[in-house]
Amino acid sequence: RPYPNIKSDTHTLTAAHTTARSTKIHQMPPRIAIKCAWSGARQTIPPSSTTLTPKTTLAELLEPIRATLPPLVLEQGELLYVRQCIKASEWPSTTLKMLGIGMEDGGVLLTLQLPSSPPPIASSEPTAMEVDDTPTSIKMTPDQAIQLILSSNFDTDSKECILTLCKMMDNVIAKPGNEKVRCIRLSNENFDGKVGSRRGGVEFLLACGFTYRPTVIPLLSKSTETPKPEFLELLPPNESTPTLLSARKALATTLLQELHVPSSEIPKMKTPPTKAAPAKRTNAEFDVFKTCSYNTQSAAVGANATTIGDGGLSTTERKLQTLQKKQERLEKKMQVLNERELVAW
C-alpha cells in the first residue's frame with residue numbers, strides 16, 4: 001500500500017482537533033449576572049471588562065457596575081450565592097474560588113441585597129393565638145342582625161339565641177326605667193352561652209340601642225392595650241319604645257316562619273305599662289306650700305305637737321288672731337253705743 005499509515009493519521013488529527021476545541025471551551029470565563037434584590041433587575045458583568053480567574057475577588061467583580069449601585073449597598077450590602085452571605089467588608093478578601101465558582105461554569109447568578117436586620121429570637125414560651133374579637137363598628141338594623149343569626153348558626157343555636165333575646169326584650173319593654181334589665185355583663189355565663197357566643201346576638205342588641213360601656217382604665221396601669229368592654233347598657237337617650245316593639249315582633253315572626261317554632265313555645269309579647277294618672281290630693285295630705293310648726297312644749301307633756309289641724313298656725317299666731325277678734329267685737333260695741341247716743345240726742 002502506498003500510504004500505509006493514512007488511517008491512523010486521520011484518527012490522530014481528529015482526536016487532536018477535538019481536544020483543542022474542548023480545551024478552548026473550558027478556558028472561556030463564566031457569564032456572571034448580578035441580581036438586585038430591592039428592584040429585581042439583573043446586570044451582567046461584561047466579559048471584556050475584567051479578566052476572570054479563580055483569584056478574582058468580589059470587589060474586583062463588581063467594579064464595572066459600581067457606578068450603578070447605591071452607596072448604601074457598597075458600604076453595608078450583602079452578596080448571596082448558594083446559601084452563602086458575604087458582607088461588603090469581606091468582598092475584597094473573598095475570591096471566586098472560595099465561593100466555589102469555577103472557570104468551567106457556564107452561568108453564575110449572584111444576588112445583591114440591602115443590609116438585613118437580625119431575625120427575632122424565638123421565645124420558648126407559648127404565645128396565645130391572636131383572635132380578632134374587636135366589637136364590630138358596622139351599624140345594623142334589627143332585621144339584618146336576625147338574618148345574621150340565621151345564616152351564621154345552626155337552627156338549634158339560632159332558636160335558643162332568639163328565644164333568649166325575646167325574653168330580654170320583654171323585660172326591657174315591661175320594666176321602663178329599670179336599670180337592672182338594661183345592663184348586661186358580657187362575661188355572664190348564661191348570656192355568653194346563648195347570645196354572646198352566637199354571631200349576630202350582640203349585633204341585634206346594638207341595633208336596638210344598646211351600647212358598650214367604656215371600661216375604666218386604672219390610673220397606675222402600665223398596659224397600653226385598649227381594654228375589652230365588659231358591659232352592654234341601654235341608656236335613656238338611645239332607648240326607643242317603637243324600635244324595641246318592632247324588634248320584638250321581628251323575633252317572634254322569625255321563630256314562627258323561619259324556624260317553625262310552635263306558637264305555644266314563643267313567649268307572649270308584653271306591652272309597655274300605661275302611665276297612671278296622678279292621684280288627686282286630699283285635704284288630709286301634707287301640703288308643702290302650707291306652713292307648719294312643731295311645738296316642743298306640747299310634745300313634752302304628750303299633747304299634739306303639730307299644728308297642721310289648726311291651719312298651720314303657731315301659738316303666737318293663734319293668740320294674735322284671738323286678740324284681733326276681740327278688737328273687732330269691741331269696735332262693733334262702741335259703734336252701737338255711739339249710734340244710740342246720736343238717736344237719743
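**Exercise 1. The span of helix α6**

What span should the 20 residues of α6 have at 1.5 Å a residue, and how far apart are its end C-alpha atoms?

*Solution.* The structure is a predicted model.
- Step 1. Helix α6 covers residues 155–174.
- Step 2. The expected span is 1.5 Å times one less than the number of residues, so the 20 residues of α6 should span 28 Å.
- Step 3. In the model, the end C-alpha atoms of α6 are 28 Å apart, which agrees with the expected span.

**Exercise 2. The buried side of α6**

Identify the buried residues of α6 and the elements that cover them.

*Solution.*
- Step 1. The cut-off for a buried residue is under 20% relative accessible area.
- Step 2. In α6 the buried residues include Ser-158, Cys-161, Ile-162, Leu-163, Thr-164 and Leu-165. Cys-166, Met-168, Met-169, Asp-170, Val-172 and Ile-173 are also buried.
- Step 3. The cover over these residues includes α5 (142–152), β6, α7, α8 and α9.
- Step 4. One contact from α9 can be followed in detail: Thr-254 lies in that helix and touches Ile-162. Beyond residues up to four places away in sequence, Thr-254 also touches Ile-146, Leu-150 and Leu-259.
- Step 5. Thr-254 has a relative accessible area of 8% and is therefore buried.

**Exercise 3. Salt bridges made by Arg-198**

Trace the salt-bridge network that contains Arg-198, and state where its members lie.

*Solution.*
- Step 1. The structure holds 6 salt bridges. In one of them, the side chains of Arg-198 and Asp-157 meet at 3.5 Å, N to O.
- Step 2. This pair links distant parts of the chain, 41 residues apart: Arg-198 is in the loop between α7 (189–196) and α8 (201–207), and Asp-157 is in helix α6.
- Step 3. Arg-198 also forms a salt bridge with Glu-160, with the closest N and O atoms 3.8 Å apart. Because Glu-160 lies in helix α6 and Arg-198 in the loop between α7 and α8, this pair ties together parts 38 residues apart in sequence.
- Step 4. Asp-157, Glu-160 and Arg-198 are thus linked in a network of salt bridges.
- Step 5. Arg-198 counts as buried at 19% relative accessibility, whereas Glu-160 is partly exposed at 31%.

**Exercise 4. A salt bridge to Lys-159**

Are the two partners of the salt bridge between Glu-265 and Lys-159 buried or exposed, or in between?

*Solution.*
- Step 1. The side chains of Glu-265 and Lys-159 meet at 3.3 Å, N to O.
- Step 2. Glu-265 is in the loop between α9 (241–257) and α10 (296–300), and Lys-159 is in helix α6, 106 residues apart.
- Step 3. Glu-265, with a relative accessible area of 41%, is partly exposed. Lys-159, at 29%, also counts as partly exposed.

**Exercise 5. The second largest pocket**

Describe the lining of the second largest pocket by position, element and class.

*Solution.*
- Step 1. The volume of the second largest pocket is about 400 Å³.
- Step 2. Its lining has 19 residues, and those nearest the centre are Thr-164, Met-168, Ile-184, Asn-190 and Phe-191.
- Step 3. At least two lining residues come from each of α6, β6 (183–185) and α7. Helix α6 gives the most, with 8 residues.
- Step 4. Sorted by class, the lining comprises 10 nonpolar, 4 polar and 5 charged residues.
- Step 5. Thr-164 and Met-168, which lie nearest the pocket centre together with the others named above, are among the buried residues of α6.

Key. Residues are numbered from 1 along each chain as its sequence is written. This is a predicted model: local features need pLDDT of at least 70, side-chain atom pairs count only at pLDDT 80 or more; totals for chains, interfaces and linings use all residues. Side-chain values use heavy atoms; hydrogens and water are left out. A salt bridge is a side-chain nitrogen of Lys or Arg within 4 Å of a carboxyl oxygen of Asp or Glu. Helices (H or I, at least four residues) and strands (E, at least two) are DSSP runs, numbered from the N terminus. Buried means under 20% relative accessible area, exposed over 50%, partly exposed in between (1.4 Å probe, protein chains only). On a 1 Å grid over the protein atoms alone, a cavity is a set of points where a 1.4 Å probe fits but cannot get out, and a pocket is an open set with protein on both sides within 12 Å along at least five of seven lines; lining residues have an atom within 4 Å of a point. Grid points are joined across faces, edges and corners, and a volume is the space filled by probe spheres set on the points. Ala, Val, Leu, Ile, Met, Phe, Trp, Tyr, Cys and Pro count as nonpolar, Asp, Glu, Lys and Arg as charged, and the others, Gly among them, as polar. Contact means heavy atoms within 4.5 Å.
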